[in-house]
Amino acid sequence: MTDDKQKEKRILLIEDDHVYRTILLTTLRKAGFHCTFCINGDQAVKKLSQEKFDILIVDYLLPGTNGIEIIRLARKQEIDIPALLITNYPSELLHVSNKELGRTKIMAKTSFNPTNMLKIIEGITSF
């Protein structure tokens, strides 16, 4: 993905942890993405209904909900954007089928590195 293409991509990041959110936003913005963030599911649902995004990056555990529910809600509202679900607990997500969540990849926070995340994003935007 070229920098020009990335500048056209709008990402909605839903992450309640300030430190991790800052790391993600810094990485994404340095890569040229336009980023908006939310810290909980209610804010995310509102943003998804008001604005168009190209990529959804969502934490699994959020106050009052979880990332899977946000992705399910987006799919139910026919918001068909690729999603990256980030989590400290990847083993808890083994029961979730790809068919259920559509174009979604899972990334463990423990294995985060900027290059890896950007490759995953490039991969989900091409399927």
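Mentor: Before we start, helices here are DSSP runs of H or I with at least four residues, strands are DSSP runs of E with at least two, and both are numbered from the N terminus. Please also keep in mind that this is a predicted model.

Trainee: In which loop does Glu 78 lie, and is its side buried or exposed?

Mentor: Two elements frame this residue, since Glu 78 lies in the loop between α4 (67–76) and β6 (83–87). An exposed residue must have over 50% relative accessible area. Because Glu 78 has a relative accessibility of 73%, it counts as exposed.

Trainee: What is the phi of Glu 78 near?

Mentor: Most residues other than glycine have a negative phi. Glu 78 is a residue other than glycine, yet its phi is positive, with a value near 60°.

Trainee: How many helices and strands does the protein have, and what pattern do they follow along the sequence?

Mentor: The secondary structure comes to six helices and seven strands. Read along the sequence, these elements follow the pattern α-β-α-β-α-β-β-β-α-β-α-β-α.

Trainee: What share of the residues counts as buried, and what share of the contacts between residues at least 6 apart in sequence joins residues at least 24 apart?

Mentor: The protein has 127 residues, of which 44% count as buried. For the contacts, the set to consider is those between residues at least 6 apart in sequence, and the share of these that joins residues at least 24 apart is 63%.

Trainee: Which residues of α2 are buried, and where do they fall when seen down the helix axis?

Mentor: Helix α2 has 13 residues and reaches 18 Å from its first C-alpha to its last, close to the 18 Å expected. Its buried residues are Tyr 20, Arg 21, Leu 24, Leu 25, Thr 27 and Leu 28. Seen down the axis, these residues fall within an arc of 165°, so they line one face of the helix.

Trainee: Against which elements do the buried residues of α2 pack, and which exposed residues does the face turned away carry?

Mentor: The packing partners of the buried residues of α2 are β1, β2 (34–38), β3, β6, β7 and α6. The face turned away from this buried side carries the exposed residues His 18, Val 19 and Lys 30.

Trainee: How many aromatic pairs does the structure hold, and which residues form a pair?

Mentor: The structure holds one aromatic pair. Its rings lie 5.7 Å apart, centre to centre, with 70° between the planes, and this is edge-to-face, formed by Tyr 20 and Phe 112.

Trainee: How many residues apart are Tyr 20 and Phe 112, and is Tyr 20 buried or exposed?

Mentor: The pair links distant parts of the chain, with Tyr 20 in helix α2 (residues 18–30) and Phe 112 in the loop between β7 (104–108) and α6 (114–124), 92 residues apart. Buried requires under 20% relative accessible area. Because Tyr 20 has a relative accessible area of 11%, it is buried.

Trainee: Which element gives the most to the largest nonpolar core?

Mentor: This core has 19 residues, and those touching the most other members are Leu 12, Ile 14, Leu 48, Leu 56, Val 58, Ile 70 and Ile 71. At least two residues each come from β1 (10–14), α3 (41–50), β3 (55–59), α4 and β6. With four residues, the element that gives the most is α4.

Trainee: Which residues does Ile 70 touch, leaving out those up to four places away in sequence, and how many residues are in the other core?

Mentor: Not counting residues up to four places away in sequence, Ile 70 touches Ile 14, Gly 41, Ala 44, Leu 48, Val 58, Leu 62 and Thr 65. Apart from the largest core lies another, which includes Cys 35, Ile 57, Met 107 and Ile 121, and its size is 18 residues.

Trainee: Are Cys 35 and Cys 38 buried or exposed, and how many disulfides does a search of the whole structure find?

Mentor: Cys 35 counts as buried because its relative accessibility is 8%, and Cys 38 likewise counts as buried, at 1%. A disulfide would need two cysteine sulfur atoms within 2.5 Å. Over the whole structure, the number of disulfides found is zero.

Notes: Residues are numbered from 1 along each chain as its sequence is written. This is a predicted model: local features need pLDDT of at least 70, side-chain atom pairs count only at pLDDT 80 or more; totals for chains, interfaces and linings use all residues. Side-chain values use heavy atoms; hydrogens and water are left out. Rings of Phe, Tyr and Trp (its six-membered ring) pair if their centres lie within 6.5 Å; planes under 30 degrees apart count as stacked, over 60 as edge-to-face and the rest as tilted. Buried means under 20% relative accessible area, exposed over 50%, partly exposed in between (1.4 Å probe, protein chains only). A nonpolar core is a set of buried Ala, Val, Leu, Ile, Met, Phe, Trp, Tyr and Cys residues joined through side-chain atoms within 4.5 Å. Contact means heavy atoms within 4.5 Å. The expected span of a helix is 1.5 Å times one less than its number of residues. The arc is that of the directions from the helix axis to the C-beta atoms.
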